[in-house]
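Good morning, and thank you for making time for this presentation. I should like to go through one structure with you, beginning with its charged pairs and then turning to its helices.

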Amino acid sequence: MKNSAYEEIVLSSRIRLARNLSGRPFVNNASLAIQRDIRDKTAAVLEQDGYGTMNMDGITAVERQMLVEKHMISRELAANSQSGAVCLSRINEEDHIRIQAINDGLKLEEELEAANAADTYMQHSGLTFAHHNDLGYLTCCPTNVGTGMRASAMIHLPALVMSNKI
């Protein structure tokens, strides 16, 4: 979608897919040992294709805060210093895995293709996601059940800033 009006106000766009491994409790009901096993299994799959992962317990609080401020991870993932990890996906946040694709400008179609490619890669690499034939992908939060997808755009609205309305 190319439109100069959108290009001027859309700073970035993001597609996020929430996934949970089949047969495992959701993160909020999983023991620390299970969360670490999920993290390690997911990292092993990603590292087969050359991706690196960062365990939250291996980076400093300042580095975690920087990732939060750049919208690369959530505050909840930054706080999960015992079993959380980040890579192409977010591991053990609210759901086991959060695949996220971010780009400058309004490029939602491109980001959807990138997120779907990562999702397909993980499934073909041996990860089985929790899925129900009628409901779709099963997630910790009921609002994400189905596709598990969220699309968003960060916009700049200078008139609201200049008029002190924001």
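Let me begin with a term: a residue is called buried when its relative accessible area is under 20%, exposed when that value is over 50%, and partly exposed in between. Please keep in mind that the model on the screen is a predicted one.

By that cut-off Arg-39 counts as buried, because its relative accessibility is 6%. Which residues does Arg-39 join through salt bridges? Arg-39 is linked with Asp-40 and Asp-57 in a network of salt bridges. In the pair with Asp-40, the closest N and O atoms are 3.3 Å apart. In the pair with Asp-57, the N to O value is 3.8 Å. That second pair links distant parts of the chain: Arg-39 belongs to helix α2, whereas Asp-57 sits in the loop between β2 (54-55) and α3 (61-69), 18 residues apart. Both acidic partners are partly exposed: Asp-40 has a relative accessibility of 42%, and Asp-57 has a relative accessible area of 46%.

As a general remark, side chains of opposite charge can pair when their charged atoms come close. A search of the whole structure finds six salt bridges. One more that I wish to show joins Arg-98 and Asp-95, at 3.2 Å from N to O. Here Arg-98 is buried, with a relative accessible area of 5%, and Asp-95 is buried as well, at 0%.

Arg-98 and Asp-95 are also among the contacts of Asn-144. Asn-144 is placed in the loop between β7 (136-137) and β8. Is Asn-144 buried or exposed? With a relative accessible area of 4%, Asn-144 is buried. Leaving aside neighbours within four places in sequence, its other contacts are Arg-16, Glu-94, Tyr-137, Thr-139 and Arg-150.

I turn now to helix α2, which comprises residues 32-48. At 1.5 Å a residue, its 17 residues should span 24 Å, and the end C-alpha atoms are indeed 24 Å apart. The buried residues of α2 are Gln-35, Ile-38, Arg-39, Thr-42, Ala-43, Val-45 and Leu-46. Seen down the axis, these buried residues fall within an arc of 160 degrees, so they line one face of α2. Ala-33 and Gln-48, on the other side of α2, are exposed. Just after α2 comes Gly-50, with a positive phi of about 90 degrees.

Helix α5, residues 108-124, can be put through the check of length too. Its 17 residues should span 24 Å, and the end C-alpha atoms lie 24 Å apart, in agreement. Which residues of α5 are buried? They are Glu-111, Ala-115, Ala-118, Asp-119 and Met-122. These cover an arc of only 100 degrees around the axis, which puts them on the same side of α5. The face turned away from that buried side carries the exposed residues Glu-113 and His-124. Just after α5, Gly-126 takes a positive phi of about 110 degrees.

Finally, I come to the surface. Ile-155, Leu-157 and Leu-160 form a nonpolar patch there, with about 220 Å² of accessible area together. Of these, Ile-155 lies in strand β8, residues 149-155, and is partly exposed, with a relative accessible area of 42%.

Thank you for your attention; I should be glad to take questions.

Notes: Residues are numbered from 1 along each chain as its sequence is written. This is a predicted model: local features need pLDDT of at least 70, side-chain atom pairs count only at pLDDT 80 or more; totals for chains, interfaces and linings use all residues. Side-chain values use heavy atoms; hydrogens and water are left out. Patches are made of residues with over 30% relative accessible area and no salt bridge: like charges are joined within 9 Å, nonpolar side chains (Val, Leu, Ile, Met, Phe, Trp, Tyr) within 5 Å. Accessible areas come from the Shrake-Rupley method with a 1.4 Å probe; for residues, only the protein chains shown count as cover. A salt bridge is a side-chain nitrogen of Lys or Arg within 4 Å of a carboxyl oxygen of Asp or Glu. Helices (H or I, at least four residues) and strands (E, at least two) are DSSP runs, numbered from the N terminus. Buried means under 20% relative accessible area, exposed over 50%, partly exposed in between (1.4 Å probe, protein chains only). Contact means heavy atoms within 4.5 Å. The expected span of a helix is 1.5 Å times one less than its number of residues. The arc is that of the directions from the helix axis to the C-beta atoms.
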